[in-house]
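Q: Please take a close look at the surroundings of the ligand in this model. Which residues and elements enclose it, and which polar contacts does it make?

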Amino acid sequence: VDGATWDVVASVVQLHARREGRPDRFAMLGLEWELMEGVFAPVYTATTELYTRWIPYPDGGAFLEVGCGAGVTAVVAALRGCRAVTALDISAAAVENTRRNMAAHGVRNRVRVLRSDMFESLGPDARFDVIFWNSNYAHVPTSFVYETELQHAFFDAGYRSHAAYLREGRSRLTAGGRLLLGFSSIGDRALLDRLAAQSGLRVALLRREAVTSPAPIDCQLLELLPALGPAAPGDDGGGSAA
Ligand SMILES: C[S@@+](CC[C@H](N)C(=O)[O-])C[C@H]1O[C@@H](n2cnc3c(N)ncnc32)[C@H](O)[C@@H]1O
């Protein structure tokens, strides 16, 4: 990340690292949530709430949240009518936090939570109608050494996890399923586009909103779609709507 972007990320990380004033409960989307130590705090940035409002949940369908953190999006998906919700996180604290919020909101029968590096803990046949990840979009060098689990919420060394999400995500979808990514202006969009192209995908913008607190960030809900093939002879280039 460049200097200015680094300052923005550093201010958000600093908020998370502060013990003092960090709430162990918070209200969001009309509900009360528990927040455990070491877990991404949805109260410090607007992203969790925005993406959770924007996601087109599959009514009666299967929803996968990668990187569930405290579990807000996964629980809301179950409350909004998803039949089966799977929530994954690389962080053990996030897995436990999501379990507690599932139990508190009475959706234990519809949500399962697994500790997983990307899709690794899923069975080979697991498929979903919508897959979503509010990602750790700050790109740091491959040599970056994670000192805490919480750092996985912000930094993706070498964009290894983004590459895996793009490589495997669409193969985990049902026919007509949708692969979504919560991204922002902090992320490395040029690299994301290159990784998408390597996986035969293109990146489309579904929604965006500029927020100013705790720093100016353009929040974006992206969709990963199959790359457009080469234009057929006689194609007028108009194409069809996504
Ligand atoms: C920006 S936080 C979002 C948390 C939560 N979804 C929310 O919106 O509040 C990103 C989450 O992705 C998780 N994560 C990062 N890399 C991961 C990986 N390789 N596999 C699974 N989860 C990962 C982090 O632990 C973190 O909980």
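A: **The ligand and its surroundings**

The ligand sits in the largest cavity of what is a predicted model. The shell around the ligand holds 21 residues, of which Thr48, Gly67, Asp89, Met118 and Asn134 come nearest. By residue class, this shell divides into 7 nonpolar, 10 polar and 4 charged residues. Among the secondary-structure elements, strand E6 (128-134) supplies at least two residues of the shell, and so much is also true of helix H5 (160-168).

The polar contacts may be taken in order of distance. Gly67, already named among the nearest residues, places a backbone N or O atom 2.7 Å from a nitrogen atom of the ligand. In the case of Asp117, an N or O atom of the side chain is 2.8 Å from a ligand nitrogen atom. Ser161 contributes a polar side-chain atom, which lies 3.0 Å from a nitrogen atom of the ligand. Taken on its own, the ligand has 590 Å² of accessible area, and the protein covers 97% of this.

To set out the contacts side by side:

- Gly67: backbone N or O atom, 2.7 Å from a ligand nitrogen atom
- Asp117: side-chain N or O atom, 2.8 Å from a ligand nitrogen atom
- Ser161: polar side-chain atom, 3.0 Å from a ligand nitrogen atom

In summary, the ligand sits in the largest cavity, with 97% of its accessible area covered by the protein and with 10 polar and 4 charged residues in its shell beside the 7 nonpolar ones.

How values were computed. Residues are numbered from 1 along each chain as its sequence is written. This is a predicted model: local features need pLDDT of at least 70, side-chain atom pairs count only at pLDDT 80 or more; totals for chains, interfaces and linings use all residues. Side-chain values use heavy atoms; hydrogens and water are left out. A residue is near a molecule or strand if one of its heavy atoms lies within 4 Å of it. A polar contact is a pair of N or O atoms within 3.5 Å; within protein, one must be able to donate a hydrogen and the other to accept it, and residues adjacent in sequence count only if both atoms are side-chain atoms. Accessible areas come from the Shrake-Rupley method with a 1.4 Å probe; for residues, only the protein chains shown count as cover. On a 1 Å grid over the protein atoms alone, a cavity is a set of points where a 1.4 Å probe fits but cannot get out, and a pocket is an open set with protein on both sides within 12 Å along at least five of seven lines; lining residues have an atom within 4 Å of a point. A molecule sits in a cavity or pocket if more than half of its atoms lie within 2 Å of its grid points. Helices (H or I, at least four residues) and strands (E, at least two) are DSSP runs, numbered from the N terminus. Ala, Val, Leu, Ile, Met, Phe, Trp, Tyr, Cys and Pro count as nonpolar, Asp, Glu, Lys and Arg as charged, and the others, Gly among them, as polar.
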